[in-house]
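Reader: Please take one part of this protein, the packing in its interior, and look at it closely. I am a first-year student, so define the terms as you go.

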Amino acid sequence: MTKLHVPDMSCGHCKATVAKTIHALDPEARVDFDMDARQITVNSGSRMAAIQAALEVAGYPTTPI
Ligand SMILES: [Cu+2]
């Protein structure tokens, strides 16, 4: 389980894009959102570096918390 800060995630559309991007890499991934804090908690078998790279390409750079 990894917590990531996603500073550019501001609305439901962002949330959907983040979820879709992670699920494209790992359909089984579990993602919990804290929209107020702009944080996500990810449970995935994929390497976190790969998830972060995909999110960055999608327009959502992240930093681990
Ligand atoms: Cu948005």
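Author: A residue is called buried if 20 or more other C-beta atoms lie within 10 Å of its own, exposed if 12 or fewer do, and partly exposed in between, with the C-beta atoms placed from the backbone. By that count, 17% of the 65 residues of the protein are buried. The model is predicted, so local features are described only where pLDDT is at least 70 and side-chain atom pairs only at pLDDT 80 or more, while totals for chains, interfaces and linings use all residues. Numbering starts from 1 along each chain as its sequence is written.

The frame comes before the interior. The protein has 2 helices and 4 strands, where helices (H or I, at least four residues) and strands (E, at least two) are DSSP runs numbered from the N terminus. Read from the N terminus, the elements follow the order β-α-β-β-α-β. The C-alpha atoms fill a box of roughly 25 × 20 × 15 Å along the principal axes. The radius of gyration, taken over C-alpha atoms, can be set against a globule rule of 2.2 Å times the number of residues to the power 0.38. For 65 residues, a compact globule would have a value near 11 Å, and the protein, at 10 Å, agrees with this.

Now the interior. A nonpolar core is a set of buried Ala, Val, Leu, Ile, Met, Phe, Trp, Tyr and Cys residues joined through C-beta atoms within 7 Å. The largest one here has 10 residues: L4, V6, M9, V18, I22, I40, V42, I51, L55 and Y60. Helix α1 (12–25), strand β3 and helix α2 (48–57) each supply at least two of them. In soluble globular proteins, nonpolar side chains tend to be buried together.

V18, in helix α1, is a member worth following. V18 counts as buried because it has 25 C-beta neighbours inside 10 Å. Two residues are in contact if their C-beta atoms, placed from the backbone, lie within 7 Å. Apart from neighbours within four places in sequence, V18 is in contact with V6, M9, I40, L55 and Y60. V18 and L55 are 37 residues apart in sequence, yet their C-alpha atoms are 6.7 Å apart. V6, with the same kind of neighbours left aside, is in contact with V18, R38, Q39, I40, Y60 and T62.

Two other core members, L4 and I40, lead into the sheet: L4 stands opposite I40 in β3. L4 also stands opposite P64 in β4. Two strands count as paired if DSSP finds at least two bridges between them. Strand β1 (residues 2–5) is joined to β3 (residues 39–43) by 4 bridges, and the two run antiparallel. β1 pairs with β4 in the antiparallel sense too, over 2 bridges. The whole is an open antiparallel sheet of 4 strands in the order β2-β3-β1-β4. Its edge strands, β2 (30–34) and β4 (63–64), each pair on one side only.

For contrast, take A58, in the loop between α2 and β4. A58 has 15 C-beta neighbours inside 10 Å and therefore counts as partly exposed. Leaving aside neighbours within four places in sequence, A58 is in contact with T17 and T21. The C-alpha atoms of A58 and T21 are 7.3 Å apart, across 37 residues of sequence.
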